Every structure is written in structure tokens, then in C-alpha cells.
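Student: Let us go through this model by question and answer. Please keep the replies short.

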Amino acid sequence: MRFRLLGPLQVNRGEKTLELGPPKQRALLAVLLLRPGLETGVDQLIESLWGEDYPAYAKNLIQKSVSGLRGLLTALEGDGPGVTLEWSGGGYRVDVGASEVDLYTYEQLAAAGIAAARKGEIMQAVKLLEEARTMSTGPLVEGLEGPMLDRERLYRQERFLADMEVRAELELELGRHRNAVPYLHYAVHKYPLRERFLWLLMLALYRSDRGNEALSTYAVQRARVVEELGVEPGPALRALHARLLLQDPQLMVMSALRQDGGPAEDEVATPITIPPLARRGPFG
């Protein structure tokens, strides 16, 4: 079986796409898949699916949904091992066995990519992070509602963007500035308030002999931020803009990688090195 959590929730048995039932039943499956191997009690499921304003029949609906999911996920004769959804101790737990879950694969690839970058294995890090990027086909369980799903969707989106920032940084470390420009243009267009992408785009343009475009890109973004938010761009962007105006030669050799706990990006003017990268801590 194959589970897709990135984008609309989808489950396939072989070539067949399963009909997962009504929205709350689908949301229940998503919640359990986001807690692999963990028991989730009924009260916790109610909070995850409805929050404090839940209907009187919530427990009955959960039991009915569990029964429906068991029927869908149980292996058919000749299909190989299926997925188990059982009550264990104080809650329900799903065991996907050998099934494929895209989110789990994404997390493994991204973590391995960050670890490779930490060890200075840049080419391997780029390969792994690019494989992870191609797996993210949309927001987590797009279209399903529930307080927990909303929180997880935001969390996973932030993790994805942080991983992709590292992916772009590594391209610049490899000297592939022109390769990074289209990707960063797309990222800036899609996430205009994510200043790190703009910082990297300006640097990539400058290193690609497109310094005027770097300045123009900054001017457009500054005008937008001032108009929409009434504030100036952040200090890192302003500092990079100032150095672009001066055509600071150190811009061609400074590291594009963030240094956690170290100097800000605009203050780093050392030969290219690979500083330690810290993976974000687990989500509570």
C-alpha cells in the first residue's frame, strides 16, 4: 500500500486508489498516520479533529470511522501484508508495516541531506534534498480540516521551506549560481515575505554577473513590503543591498550558508567553508 500525505490524502493498494470515506474519517486516518507507532486516545482524537467545540456524537463517529478504515486497510487475499489499526492500551494506533508513506520518506531524505551537509558532503546533500523537494506535491493532507492538522500543516510547511533554503545555499556553495537563479525566482514569487530566499537570489544574481538585476529585485521587494506592511526590509537584506551597491569583492567568496549562533550572513566575509548545520528539533 502507498499513502500520500503531501497534497490531498490518498491511499493506493497496487494500482487501485481506495475510497477513504467522508471527510472526518479521512481526517482521522491522517491524524493517526502523523503519529506513527503512537497510541492516540479518544479524547486526543476529538481535540485533534474538532478542538473544544465538538459534537455530542464525536466518540460514536470516531468508533464508526475506525471500523470503516479497518475494512479499507485490511489486506485482501493475495495482496500481501496490510495495515493494522488497533486499540492498544489507552488509544488507537496504526501500523503501516512495509507500506510506503511519502511524508516518512521525505523526512528521511531531508534529514539525511542535512546530515550530509553537516559533514561537508555537499553533492550528496544536494542530491538528497532535491529528491525530498520533488516529493512535496502540496500542503499536508490538503483540504482536510482539524486543529491538529492545521498545526501540522504549518509546521511541515516551515520545515520544508527551511530545507529548501539549505538546498539553495548549497547550490551557491558549489558555485552553481546560474542554476540557483530560476529556483530562487520561483521561491521568491511564491513566498514573497520569506526574506532568506530573496537574500540568496540577490547574491546568486550578483555572482552571475547580473548585479543590476539584483538591485532591481531588491527595489521591487522593498517597495512591496513598504506598501503592504509599512516597514523596511530586514537588516540582512539591507546590509546585502549596501554591499551590492559598493560591489564588495567579498560577495564572490563569502559563504552563503547560515552559521547558527555565529555572525549574521551580511557580516560573513571569509573563504567558503561548510559550517555546522543544526537540524530543527522534534515537534512537540
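**Surface, sheet and hairpin**

Tutor: Leu 193, Leu 229 and Val 231 make a nonpolar surface patch of about 290 Å². Keep in mind that this is a predicted model.

Student: Where is Leu 193 found?

Tutor: Look at helix H7 (177–190) and helix H8 (195–207). Leu 193 is in the loop between H7 and H8.

Student: Is Leu 193 buried or exposed?

Tutor: The relative accessible area of Leu 193 is 57%. Exposed means over 50%. Because its value is 57%, Leu 193 counts as exposed.

Student: And Val 94, buried or exposed?

Tutor: Val 94 is found in strand E5, residues 91–95. Its relative accessible area is 5%. The cut-off for buried is under 20%, so Val 94 is buried.

Student: Which residues is Val 94 in contact with, leaving aside neighbours within four places in sequence?

Tutor: Val 83, Thr 84 and Leu 85 are among them. The others are Leu 32, Leu 33 and Gly 37.

Student: What separates the C-alpha atoms of Val 94 and Arg 70?

Tutor: Val 94 and Arg 70 are 24 residues apart along the chain. In space, the separation of their C-alpha atoms is 9.9 Å.

Student: How many bridges pair strand E4 with E5?

Tutor: Strand E4 covers residues 84–88. One bridge joins Trp 87 to Tyr 92 in E5. E4 and E5 pair in the antiparallel sense, and the number of bridges is five.

Student: Which residue in the turn of the E4 and E5 hairpin has a positive phi?

Tutor: Two residues lie between E4 and E5 in this hairpin. The positive phi is about 70°, and it belongs to Gly 89.

Student: What is the strand order in the open sheet of four strands?

Tutor: The pairing is mixed. The order is E3-E2-E1-E6.

Student: Why is one side of E3 and of E6 left without a neighbour in the sheet?

Tutor: Strand E3 (16–17) and strand E6 (100–101) stand at the edges. One side of each is left without a neighbour because each has a single partner strand.

Student: Which residue in E3 is the bridge partner of Asn 12?

Tutor: Strand E2, residues 10–13, pairs with E3 in the antiparallel sense over two bridges. In E3, the partner of Asn 12 is Thr 17.

Student: Which side chain does a polar contact of 3.0 Å join to that of Asp 248?

Tutor: Asp 248 is in the segment after helix H10 (235–246). Not counting residues up to four places away in sequence, Asp 248 touches Tyr 206 and Arg 243. The polar contact of 3.0 Å is with the side chain of Arg 243.

Terms used
Residues numbered from 1 in each chain as written. Predicted model: local features only at pLDDT ≥ 70, side-chain atom pairs only at ≥ 80, totals over all residues. Heavy atoms only, no water. Buried < 20%, exposed > 50% of the residue type's maximum accessible area, 1.4 Å probe, protein only. Contact = heavy atoms within 4.5 Å. Pairing = 2+ DSSP bridges. Polar contact = N/O pair within 3.5 Å; in protein donor to acceptor, adjacent residues only side chain to side chain. Patch = residues over 30% accessible without salt bridge, like charges linked within 9 Å, V, L, I, M, F, W, Y side chains within 5 Å. Areas by Shrake-Rupley, 256 points an atom, 1.4 Å probe, with all protein chains shown as cover. Salt bridge = Lys/Arg side-chain N within 4 Å of Asp/Glu carboxyl O.
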